[in-house]
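This report describes the fold of a single protein chain, beginning with one pair of strands and then widening to the sheet, the loops and the chain as a whole.

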Amino acid sequence: EVTLQVSSLAPWTDTGVDVAAGAELRITATGTVRYGGQGSQVTDADGGNFDGQKFFSTAVLPNAVIVSLIGKVGGGAALDTGSLLPEGTSGDGPGFVGSSYDEPAPAAGRLFLGFNDQRQAFGDNAGAFTVTIRVGC
């Protein structure tokens, strides 16, 4: 079991956890982060914009819920690399982890978790989610 902080200031955080393909990933996340200058721009790991918008075409993962906790295996911290985690909740998009996740790893490699903000909008963010990762077989 590993507990770490996943910052809202960068698209991807290296968890230091290596997983085998098909290994069960159990991830929980708590806390809130700020993703803009308005008081209403605060979210938990399940995301969703303050105005109700669920997806942004300019997000790190455009098909996953905006300003949520996201995940991938491999590819390093670079954008558009690695294998996205299977969506944890139907309709929330590939890569969506949210506050509670329990799915098999899609590939072998290093687990990266991140914050699904708009690609050029990380500069006005603050805070981090506290994430606990458990890897089973």
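## Strand β3 and its two partners

In this predicted model, strand β3, comprising residues 24–30, runs antiparallel to strand β8, residues 100–104, and five bridges join the two. Within this pairing, Leu 25 has Glu 103 of β8 as its bridge partner.

Strand β3 is also joined to strand β10, residues 128–135, by six bridges, and this pair is likewise antiparallel. Here the bridge partner of Thr 30 is Thr 130 in β10. Strands of a sheet pair through backbone hydrogen bonds, in either a parallel or an antiparallel sense.

Strand β10 also holds Phe 129. The relative accessibility of Phe 129 is 1%, and because the limit for a buried residue is under 20%, Phe 129 counts as buried. The C-alpha atom of Phe 129 is 7.0 Å from that of Val 33, although 96 residues separate the two in sequence.

## The open sheet β2-β9-β6-β7

Four strands make up an open sheet, with antiparallel pairing, in the order β2-β9-β6-β7. Strands β2 (12–19) and β7 (83–84) stand at its edges; each has a single partner strand, so one side of each lacks a neighbour in the sheet.

The pairings can be followed across the sheet from β2. Strands β2 and β9 run antiparallel and are joined by five bridges, with Trp 12 standing opposite Gly 114 of β9. Five bridges also link β6 and β9 in the antiparallel sense; in this pair, Leu 69 has Phe 115 of β9 as its bridge partner. At the other edge, strand β6 (residues 69–73) pairs with β7 over two bridges, again antiparallel, and the partner of Val 73 in β7 is Ser 83.

Strand β9, residues 109–115, is mostly covered, with five of its seven residues buried.

## Loop residues with positive phi

Two non-glycine residues with positive phi merit separate mention. Val 67 has a phi of about 45 degrees, and Asp 80 has a phi of about 60 degrees. Val 67 belongs to the loop between β5 (42–43) and β6, whereas Asp 80 belongs to the loop between β6 and β7.

Are these two residues buried or exposed? Val 67 is buried, at 1% relative accessibility. Asp 80, with a relative accessible area of 62%, is exposed, since the limit for exposure is over 50%.

## Val 97 and its contacts

Val 97 occupies the loop between β7 and β8. Its relative accessible area is 1%, so Val 97 is classed as buried. Which residues is Val 97 in contact with, leaving aside its neighbours within four places in sequence? They are Ile 27, Leu 69, Ile 70, Gly 71, Leu 85 and Leu 113.

Several of these contacts can be placed on the strands already described. Ile 27 falls within the residue range of β3, Leu 69, Ile 70 and Gly 71 fall within that of β6, and Leu 113 falls within that of β9. In addition, the C-alpha atoms of Val 97 and Pro 86 are 8.5 Å apart, with the two residues 11 positions apart along the chain.

## The chain as a whole

The protein chain contains zero helices and 10 strands. Its radius of gyration is 13 Å, close to the 14 Å given by the globule rule for 137 residues, so the chain is as compact as a globular protein of that length. Taken along the principal axes, the C-alpha atoms fill a box of roughly 45 × 25 × 25 Å.

Of the contacts in the chain with a separation of 6 or more, 70% are between residues 24 or more positions apart. Buried residues account for 44% of the 137 residues. The chain exposes about 5,900 Å², of which carbon and sulfur atoms supply 50%. As for charge, the mean position of the 7 positive charges and that of the 14 negative charges lie 3 Å apart.

Methods:
Residues are numbered from 1 along each chain as its sequence is written. This is a predicted model: local features need pLDDT of at least 70, side-chain atom pairs count only at pLDDT 80 or more; totals for chains, interfaces and linings use all residues. Side-chain values use heavy atoms; hydrogens and water are left out. The radius of gyration is taken over C-alpha atoms; the globule rule is 2.2 Å times the number of residues to the power 0.38. Buried means under 20% relative accessible area, exposed over 50%, partly exposed in between (1.4 Å probe, protein chains only). Contact means heavy atoms within 4.5 Å. Accessible areas come from the Shrake-Rupley method with a 1.4 Å probe; for residues, only the protein chains shown count as cover. Lys and Arg count as positive and Asp and Glu as negative; His and the chain ends are not counted. The place of a charge is taken as NZ of Lys, CZ of Arg, CG of Asp or CD of Glu. Two strands pair if DSSP finds at least two bridges between them.
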